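This report concerns one protein–DNA model. It treats the fold elements and then the surfaces that face the nucleic acid.

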Amino acid sequence: MPELPEVETVKNELAPHILGRTFTDITILWDGIVKIPSVEEFRSRLVGQKITDLSRHGKYLALALNSDDLLVIHMKMSGSLLLSRDSREPPKYTRAIFHLDGGISMFFRDPRKFGRVWLVRDWRMAAQRLGPEPLEPEFTPQVLAQRLKNRKAPVKALICDQSVIAGIGNMYADEALFVAKINPLRSGSSLTPEELERLHQAIQQTLRTAIRNKGASIVNYYRPGGEPGTAHFEFNVAHGRGKNCPDCGRPIQRIAVRNRGTYFCPKCQPAG
DNA sequence: CCCGGAACCTGAAGGC
DNA sequence: TGCCTTCAGGTTCCGG
């Protein structure tokens, strides 16, 4: 599932192939993928526009166009953006084809139909209430502390909340909490300054390592060239069903937090 | 505002 | 073999 490291990888690997190119045609194979505006307006406004910049906001990818519009893309759980030189036979589950000049096409493949695209003037029209970027200088331990204090919800749920911090999802929340040695069920308000410092450090370290490894391909994530990432090979607990804690050797436990599979080590991350 | 749960969606995997 | 249930989870919506 694409979270911050996966979207960052997609952005970095798309850029050299699509930057400066112009959309020559748009094929929408499933209308529901276009969130804003109508499918017809989406196509007509996009064709002829040149891609001038790529940026990432949380898990949202934004392609800036010379018209000052932004093509915003969210891959949600099962989406991938795949580059090809042959648009005649898109892979199964392709929902949209972005044809570019120079004979390149970008397929938006998404088996689960959760992914969406927007054509808007400001990326905030697609990504409402996005918290701070965890890898930007603005994200300090103090900022994290401020955003978690007075919150009774489990810290796992809070750091997965895009309005608290942008870009973290289920996998990296589990990884960061393991590295910080914090139980996922602890409430935000119960964390000590030392724990908040460790969590801040763990979030940045976990995300940076995953970006270096081009993202994690547990299910349904492929890089634009079709290759998987390798970040999941270094996971400590995430999706660690049946595995043992790399630190103490005890079995990793699976619980549900807000209906999301949550993996942790009961010994290394004791309940508060 | 805060919290927790449901809904969206479909393929994979497991149980019997 | 095949049907059925469960699981996967990013985001939004809704009720308390």
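The sections below take up the sheet, the helices and the two DNA strands in turn.

The model is predicted, so local features need pLDDT of at least 70 and side-chain atom pairs count only at pLDDT 80 or more, while totals for chains, interfaces and linings use all residues. Residues are numbered from 1 along each chain as its sequence is written, chains are lettered from A and ligands numbered from 1 in the order in which they are written, and side-chain values use heavy atoms, with hydrogens and water left out.

**Sheet**

Helices (H or I, at least four residues) and strands (E, at least two) are DSSP runs, numbered from the N terminus. Two strands pair if DSSP finds at least two bridges between them. Four strands form an open sheet in the order β1-β7-β8-β6, and their pairing is antiparallel. Because β1 (23–28) and β6 (80–84) stand at the edges with a single partner strand each, one side of each is left without a neighbour in the sheet. From one strand to the next, the twist averages 20 degrees. Within the sheet, β7 (residues 94–100) and β8 (residues 105–109) are joined by five bridges in the antiparallel sense, and Thr94 stands opposite Arg109 in β8.

**Helices**

Axes are lines fitted to C-alpha atoms, for helices over the stretch in contact, and angles run from 0 to 180 degrees between N-to-C directions. Contact means heavy atoms within 4.5 Å. Helix α1 (residues 4–18) lies across β6, β7 and β8 and runs at about 25 degrees to β6. Helix α2 (residues 39–46) lies across β1 and β7, at about 165 degrees to β1.

Two packed helices are described by the angle between their axes and the distance between the axes. For α1 and helix α6 (residues 193–212), the axes come within 9 Å and cross at roughly 35 degrees. Leu4, Pro5, Glu8 and Thr9 of α1 make the contact with Leu207, Ala210 and Ile211 of α6. By class, this contact has five nonpolar, one polar and one charged residues; Ala, Val, Leu, Ile, Met, Phe, Trp, Tyr, Cys and Pro count as nonpolar, Asp, Glu, Lys and Arg as charged, and the others, Gly among them, as polar.

**DNA surfaces**

A residue is near a strand if one of its heavy atoms lies within 4 Å of it. Around DNA strand C there are 19 residues, of which His74, Met77, Phe114, Arg241 and Arg254 come nearest. Sugar and phosphate account for 59% of the atoms of DNA strand C that come within 4 Å of the protein. Strand β11 (residues 260–264) gives the most to this surface, with three residues. The surface near DNA strand C has five nonpolar, seven polar and seven charged residues.

The residues around DNA strand B include Tyr93, Pro111, Arg151, Lys152 and Arg260. Of the atoms of DNA strand B within 4 Å of the protein, 63% belong to sugar or phosphate and the rest to bases. The surface near DNA strand B has five nonpolar, one polar and six charged residues.

The table lists polar contacts, each a pair of N or O atoms within 3.5 Å.

| Protein atom | DNA atom | Distance |
|---|---|---|
| His74, polar side-chain atom | strand C, phosphate oxygen | 2.2 Å |
| Arg112, polar side-chain atom | strand C, base nitrogen | 2.9 Å |
| Gln128, side-chain N or O atom | strand C, phosphate oxygen | 3.5 Å |
| Arg151, side-chain N or O atom | strand B, phosphate oxygen | 2.4 Å |
| Lys152, polar backbone atom | strand B, phosphate oxygen | 2.3 Å |
| Arg260, side-chain N or O atom | strand B, base nitrogen | 3.5 Å |

How values were computed:
A polar contact is a pair of N or O atoms within 3.5 Å; within protein, one must be able to donate a hydrogen and the other to accept it, and residues adjacent in sequence count only if both atoms are side-chain atoms.
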